[in-house]
Amino acid sequence: MKMIANFINGGAVASTGLRTGDVFNPSLGHVQARVELANGSLLDQAVANALAAQPAWASVNPQRRARVMFRFKEAIEANMNELAEMIALEHGKVIADAKGDIQRGLEVVEFMCGLPHLLKGEHTEGAGPGIDVYSLRQPLGVVAGITPFNFPAMIPLWMLAPAIACGNAFILKPSERNPSAPVRLAELALEAGLPKGILNVVHGDKEIVDAILDHPDIKAVSFVGSSDIAQYVYGRGAANGKRMQCMGGAKNHAIVMPDADLDQAVADIVGAAYGSAGERCMALPVVSPVGEATAVALRQKLVAAIGDLRVGVPTDPDAHYGPVVSAQHKARVEAYIQLAVDEGSELVVDGRGLTLQGHEEGYFLGPTLLDHVRPDMQSYRDEIFGPVLQILRASSFKEAISYPSSHAYGNGVAIFTRNGDAARQFASAVQVGMVGINVPIPVPVAYHSFGGWKRSGFGDLNQYGTDGVRFYTQVKTVTQRWPQGGSVIDQSFVIPTMS
Ligand code: NAD
């Protein structure tokens, strides 16, 4: 059986005695590979190599580091099909979706091609007599990123591209459920000219995550995953003095106003609720129609659109989405559907019990639609992370805003309306980090930054964009004065003052 190894100092590391993890094919429901789970001493090896390599990389001028980013971007583009197949095979998302996963990460690499401009510091001439002040951004040293299963290319690239471009060495701990694409990305970075030791991949679960969080030579950790683990990782890393940014789970709402273009809204909501089997942190698993008439019309159109959805294997070009990631996750989603029914939701479309011919053991779930959901239901409060859409009816605009605003998660939200004033009020008032106006999945483009509020994000700096550069650099501020031809320097500027 194929064994996926750790990638340290520019190559796969042959190890003995490591624990291994199963890598499943979610379409077939069987183990297709094993992954070697790194331990503390392997992490020490990765960090030692990273520490040795980082100073030389940091001293490469920013323009040359940017050239590596250019070549890395080209290498990813040239290997897009291979990467997409790896993702589809281990994650289960359809090929077109897997390409989208890569493309959104690629755009962060593209943004990092402009690194010299992003790294420019600030300068004040004459801040005092003969005194100039300037600031510069320097890399932190060795930094790490821990990523979830649902975007095996995009989220590693969100982190590793700015970290490396800024002159750090990076340790990536990808999801152990789909480790192949992250390792391939590391190989491509090397082919693009990245020196050995600057990008390392260690596989594993809680054991290696804890080792990363406790390692004294790792200066910052970026995490994306579920909220309880994000909060734990944030707390443990911060207690060890590390810079931390930890993105968590989500329960995103779509508000549909009575004046919305319903056909467009339904097409967008169905794509955002069921695409990638609902396994996106920016999925739209809740829709809030405002007013009874909107609810009736919306539900009717949703049922019709759901009837047209095709669930299939990732290589089926006509499939809208594939299986969920694991048997446990399938059982968890099914349990939430049952809970929703037991709590009093109306099961309008039931996606349970779907089997695909030739793939009877695959982790497939049909689209599920629940109506008459209430805010006090646990099935509404929790993140389900599957192809399940819940209708939470609102009697007014004010009530519709209150649902996402008072929810524990605050990642993304969308409003569908033709009314600019309502949209503007909504964007201003809603207590959520990323807002879409007639845009269902408002993932910010690479030159803005990605981050949710409340339990969707711990830490103050967002992923990628200029925040990514801030996260992976530290500011140094220099105040300088030079001897001025023998004349006595005016001391009045000296702080604290002596007069
Ligand atoms: P997860 O929290 O189970 O795993 C994330 C990472 O943490 C993985 O690398 C995993 O190995 C590690 N991990 C797992 N258990 C751990 C433990 N007990 N201690 C320390 N580390 C542990 O998440 P997942 O199931 O891989 O991904 C889905 C979740 O990620 C969803 O909640 C989704 O909303 C969230 N997500 C959030 C964003 C965002 O940007 N906010 C983006 C994508 C996914």
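Reader: Let's start with helix α2, how many residues has it got, and how far does it reach?

Author: Helix α2 covers residues 62–78, so to speak in DSSP terms (helices are H or I runs of at least four residues, strands E runs of at least two, numbered from the N terminus). It has 17 residues and reaches 24 Å from its first C-alpha to its last, close to the 24 Å expected at 1.5 Å a residue. That expected span is 1.5 Å times one less than the number of residues. Keep in mind that this is a predicted model, where local features need pLDDT of at least 70 and side-chain atom pairs count only at pLDDT 80 or more, while totals for chains, interfaces and linings use all residues. Residues are numbered from 1 along each chain as its sequence is written, and side-chain values use heavy atoms, with hydrogens and water left out.

Reader: Which residues of α2 are buried?

Author: Arg65, Ala66, Val68, Met69, Phe72, Lys73, Ala75 and Ile76. Buried is under 20% relative accessible area, exposed is over 50%, and partly exposed is in between, with a 1.4 Å probe and protein chains only.

Reader: And what do they pack against?

Author: The buried residues of α2 pack against α1 (40–59), α3 (80–91), α4, α5 (115–118), α6 and α7 (180–191). Contact here is heavy atoms within 4.5 Å.

Reader: Switching topic, how many cavities of 30 Å³ or more turn up?

Author: Two, from a search of the whole structure. A cavity is a set of points on a 1 Å grid over the protein atoms alone where a 1.4 Å probe fits but cannot get out, and lining residues have an atom within 4 Å of a point. Grid points are joined across faces, edges and corners, and the volume is the space filled by probe spheres set on the points. The largest cavity is about 90 Å³, and the second largest is about 40 Å³.

Reader: What lines the second largest one?

Author: Its lining includes Arg104, Glu107, Met154 and Trp158. Helix α4 (95–112) and α6 (154–165) each supply at least two lining residues, and the largest share, three residues, comes from α4.

Reader: Ok, Thr368: buried or exposed?

Author: Threonine 368 is buried, with a relative accessible area of 0%. It lies in strand β16, residues 368–371.

Reader: What does its side chain reach?

Author: The side chain of threonine 368 reaches the backbone nitrogen of glycine 351 at 2.8 Å. Threonine 368 also touches Tyr274, Ile337 and Leu347, among others, not counting residues up to four places away in sequence.

Notes: On a 1 Å grid over the protein atoms alone, a cavity is a set of points where a 1.4 Å probe fits but cannot get out, and a pocket is an open set with protein on both sides within 12 Å along at least five of seven lines; lining residues have an atom within 4 Å of a point. A polar contact is a pair of N or O atoms within 3.5 Å; within protein, one must be able to donate a hydrogen and the other to accept it, and residues adjacent in sequence count only if both atoms are side-chain atoms.
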